[in-house]
Amino acid sequence: ALDIVALRTNMLLLYKNAASMPDFILTMEEAQKKAKRAELPILDIELAMYAATSVLQSGDYKKETDEWEGRNASKKTWTKWKQAYLAAYARSINRQRAGATDEPFTRAANNIMPSAPTDVMDALARLQAARPPSNS
């Protein structure tokens with residue numbers, strides 16, 4: 001039972017330690033399953049509250065969090081939370097791929113996006129050096 005109390009206490013730390021939004025969601029759901037096996041279930045609405053609080057504390061996804069906080073209580077379900085924040089995560093991944101560096105989970109996205117090989121970068125540098133100066 002003490003493990004479950006600790007689990008509930010640490011639920012707010014799961015976001016900070018997650019590699020990605022999908023990783024965070026899976027970890028939350030694994031925690032819920034563990035609590036259920038211990039016959040001390042964590043309800044879906046509790047997952048939504050833990051998740052919303054965790055993201056709010058992080059300062060990530062400000063627009064989505066403002067929208068979430070403005071929702072009617074009946075629309076603040078775990079399923080709706082996952083849909084909203086997975087969509088936000090997908091948008092942030094697209095921005096990262098376009099070069100943004102201030103998005104949540106930037107390091108995780110960079111790990112799945114290989115950097116250009118050195119020979120490609122060298123070739124680009126040689127092309128840049130060979131380009132005549134612009135007249136502007």
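The following paragraphs lead through a predicted model of a protein, from its overall fold to its helices, salt bridges and internal cavity.

The secondary structure of the protein consists of eight helices and zero strands. Read from the N terminus, the order of elements is α-α-α-α-α-α-α-α. Of the 136 residues in the protein, 30% are buried. Among contacts with a separation of 6 or more, 59% join residues that lie 24 or more positions apart. Several of the residues discussed below take part in pairings of this kind, and helices H3 and H6 offer a convenient starting point.

Helix H3 covers residues 21-37 and contains isoleucine 25. Isoleucine 25 has a relative accessibility of 5% and therefore counts as buried, the limit for that class being under 20%. When residues up to four places away in sequence are set aside, isoleucine 25 touches Trp78, Trp81, Lys82 and Leu86. Helix H6 spans residues 78-97. A further view of this region comes from tyrosine 85, which stands 60 residues from isoleucine 25 along the chain, while the C-alpha atoms of the two are separated by 9.6 Å.

Lysine 82, one of the residues touched by isoleucine 25, also forms a salt bridge with the side chain of glutamate 29, with an N to O distance of 2.7 Å. Because lysine 82 lies in helix H6 and glutamate 29 in helix H3, the pair ties together parts that are 53 residues apart in sequence. Glutamate 29 counts as buried, because its relative accessibility is 19% and the class requires a value under 20%. In general terms, side chains of opposite charge can pair when their charged atoms come close.

A search of the whole structure finds four salt bridges, and two others among them involve helix H5. Helix H5 covers residues 62-69. Arginine 91 and glutamate 64 meet through their side chains in a salt bridge of 2.8 Å, N to O. This pair links distant parts of the chain, since arginine 91 is in helix H6 and glutamate 64 in helix H5, 27 residues apart. The two partners fall into separate accessibility classes: arginine 91 is partly exposed at 36% relative accessibility, whereas glutamate 64 is buried at 11%.

The other bridge stays within helix H5. Lysine 63 pairs with glutamate 67, and the closest N and O atoms are 3.8 Å apart. Lysine 63 and glutamate 67 are four residues apart in helix H5, so about one helical turn separates them. An α-helix has 3.6 residues a turn, so residues three or four places apart point the same way. Lysine 63 is exposed, with a relative accessible area of 52%, and glutamate 67 is partly exposed at 45%.

Helices H5 and H6 also meet the internal space of the model. How many cavities of 30 Å³ or more are counted? The count comes to one, and the largest cavity holds about 40 Å³ of space. Its lining is made up of Glu64, Glu67, Trp68, Arg71, Ala84 and Tyr85. Helix H5 and helix H6 each supply at least two residues of this lining, and the largest share, three residues, comes from H5. By class, the lining has three nonpolar, no polar and three charged residues. Glu64 and Glu67 thus appear in the lining as well as in salt bridges, Glu64 with arginine 91 and Glu67 with lysine 63.

Helix H4, residues 44-58, gives a check on helix geometry. At 1.5 Å a residue, its 15 residues should span 21 Å, and because the end C-alpha atoms are 21 Å apart, the model agrees with that expectation. Just after H4, glycine 59 takes a positive phi of about 85°.

Which residues of H4 are buried? They are Glu46, Leu47, Ala48, Tyr50, Ala51, Ala52, Ser54 and Val55. Serine 54, which lies in helix H4, has a relative accessibility of 4% and so counts as buried. Leaving out residues up to four places away in sequence, serine 54 touches Met11, Leu12, Tyr15 and Phe24. Phe24 belongs to the stretch 21-37 that forms helix H3, and serine 54 in helix H4 is in contact with this residue.

Technical notes: Residues numbered from 1 in each chain as written. Predicted model: local features only at pLDDT ≥ 70, side-chain atom pairs only at ≥ 80, totals over all residues. Heavy atoms only, no water. 1 Å grid on protein atoms, 1.4 Å probe; cavity = no way out; pocket = protein on both sides within 12 Å on 5 of 7 lines; lining within 4 Å. Points joined across faces, edges and corners; volume = space filled by probe spheres on them. Nonpolar A, V, L, I, M, F, W, Y, C, P; charged D, E, K, R; others polar. Buried < 20%, exposed > 50% of the residue type's maximum accessible area, 1.4 Å probe, protein only. Contact = heavy atoms within 4.5 Å. Expected span 1.5 Å × (residues − 1).
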